[in-house]
Amino acid sequence: TIPNHLISANVDEYPEPLRQYREQLEGRSMLVHRARMVDIECVARGYLSGSGWKEYVANGTICGIPLPPGLKESDRLPAPIFTPATKAQSGHDENIPFEEAAKAVGTKLANELRDVTLQIYGKAAAYAETRGIILADTKFEFGFVGNKLVLGDEVLTPDSSRFWPRATYKPGGAQPSY
């Protein structure tokens with residue numbers, strides 16, 4: 001379990017000056033702790049898709065992690081993998097090997113980020129499966145509130161995750177996405 005940066009999504013609990021904007025804020029905003037964000041994206045992949053597929057076709061790897069030969073696009077990976085990425089200010093984030101992430105944030109923190117990313121992904125993917133949904137991959141961002149590591153930004157949304165309907169899943173090509 002890891003805490004997150006959320007204080008409240010209830011406009012009644014927002015600072016008084018913000019409450020006058022209730023109609024614009026309600027159901028669309030949240031009040032959060034300011035966090036010092038970690039400068040890497042934490043991606044968990046359970047399926048071979050997107051930029052991971054492109055790298056696999058070119059090199060047989062994702063972020064330097066060797067994968068079995070002969071996988072097809074959208075195949076389920078033997079086990080979920082942690083594939084960190086740089087945070088791009090514009091354009092697409094760039095996948096990096098774990099060693100590069102460890103150099104950027106320190107080995108201890110990189111290990112913690114990998115472990116918590118894969119734990120959250122595992123729980124979310126298992127839950128999605130019970131609803132007929134495949135969670136192919138997802139991205140998390142973490143930061144520090146004081147000295148405490150917290151989960152921040154969006155979590156498990158269609159913007160940060162690739163969700164596929166189980167009923168139509170067929171490896172060998174791109175999948176329809178929610």
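# Talking through a predicted fold

Trainee: Let's start with one cysteine: is Cys-63 buried or exposed?
Mentor: Bear in mind that this is a predicted model. Buried means under 20% relative accessible area. Cys-63 comes in at 7%, so Cys-63 counts as buried.

Trainee: And where does Cys-63 sit, in terms of the strands?
Mentor: Cys-63 has a positive phi of about 50° although it is not a glycine. That deserves a look because most residues other than glycine have a negative phi. As for its place, Cys-63 is found in the loop between strand 5 (61–62) and strand 6 (65–66).

Trainee: How many disulfides does the count give?
Mentor: You'd need a pair of cysteine sulfur atoms within 2.5 Å. The sulfur of Cys-63 has its closest cysteine sulfur in Cys-42, and at 11 Å that is too far for a bond. Cys-42 is in no disulfide, and the count comes to zero.

Trainee: What's the relative accessibility of Cys-42, then?
Mentor: Cys-42 is one of the residues touched by Thr-138. Cys-42 counts as buried, and its relative accessibility is 1%.

Trainee: Zooming out, how many helices and strands are there in the protein chain?
Mentor: The C-alpha trace spans about 60 × 40 × 30 Å along its principal axes, and 39% of the 178 residues count as buried. Among contacts with a separation of 6 or more, 60% join residues 24 or more positions apart. For the secondary structure, the tally is four helices and 12 strands.

Trainee: Now strand 10 (residues 133–145): which side chain makes a polar contact of 2.6 Å with that of Thr-138?
Mentor: Thr-138 has its place in strand 10, and at 1% relative accessibility it counts as buried. Its side chain also reaches the backbone oxygen of Ser-160 at 3.3 Å. The 2.6 Å contact is with the side chain of Ser-161.

Trainee: Is Ser-160 itself buried or exposed?
Mentor: Ser-160 lies in the loop between strand 11 (148–152) and strand 12 (161–165). Its side chain makes a polar contact of 3.4 Å with the side chain of Ser-161, and among the residues Ser-160 touches are Asp-137, Lys-139 and Glu-154. Its relative accessible area is 6%, under the 20% cut-off, so Ser-160 is buried.

Trainee: Charges next: how many salt bridges does a search of the whole structure find?
Mentor: Side chains of opposite charge can pair when their charged atoms come close. One case here is Asp-12 with Arg-22, at 2.5 Å from N to O. Asp-12 lies in the loop between strand 1 (6–8) and helix 1 and Arg-22 in helix 1, so the pair ties together parts that are 10 residues apart in sequence. The number found over the whole structure is nine.

Trainee: How far apart in sequence are Glu-41 and Lys-139?
Mentor: Their side chains meet in a salt bridge at 3.4 Å, N to O. Glu-41 is in strand 4 (residues 40–47) and Lys-139 in strand 10, so to speak distant parts of the chain. Both are buried, and the gap in sequence is 98 residues.

Trainee: Which residue forms a salt bridge with Asp-137?
Mentor: Asp-137 counts as buried at 6% relative accessibility, while its partner is partly exposed at 26%. The closest N and O atoms are 2.9 Å apart. Asp-137 lies in strand 10 and the partner in strand 12, so the pair ties together parts that are 25 residues apart in sequence. That partner is Arg-162.

Trainee: Which residues are linked with Glu-41 in a network of salt bridges?
Mentor: One member, Asp-153, is found in the loop between strand 11 and strand 12 and has a positive phi of about 65° although it is not a glycine. With a relative accessible area of 36%, Asp-153 is partly exposed. The residues linked with Glu-41 are Lys-139, Glu-141 and Asp-153.

Trainee: Last one: how much accessible area does the nonpolar patch of Leu-6, Met-30 and Val-32 have together?
Mentor: Met-30 is found in the loop between helix 1 (22–25) and strand 2 (31–32), and at 44% relative accessible area it is partly exposed. The accessible surface of the protein chain comes to about 10300 Å², with 53% belonging to carbon and sulfur atoms. For the patch, the figure is about 230 Å².

Note on methods: Residues numbered from 1 in each chain as written. Predicted model: local features only at pLDDT ≥ 70, side-chain atom pairs only at ≥ 80, totals over all residues. Heavy atoms only, no water. Buried < 20%, exposed > 50% of the residue type's maximum accessible area, 1.4 Å probe, protein only. Helix = DSSP H or I, 4+ residues; strand = E, 2+ residues; numbered from the N terminus. Polar contact = N/O pair within 3.5 Å; in protein donor to acceptor, adjacent residues only side chain to side chain. Contact = heavy atoms within 4.5 Å. Patch = residues over 30% accessible without salt bridge, like charges linked within 9 Å, V, L, I, M, F, W, Y side chains within 5 Å. Areas by Shrake-Rupley, 256 points an atom, 1.4 Å probe, with all protein chains shown as cover. Salt bridge = Lys/Arg side-chain N within 4 Å of Asp/Glu carboxyl O. Lists of a residue's contacts leave out its neighbours within four places in sequence.
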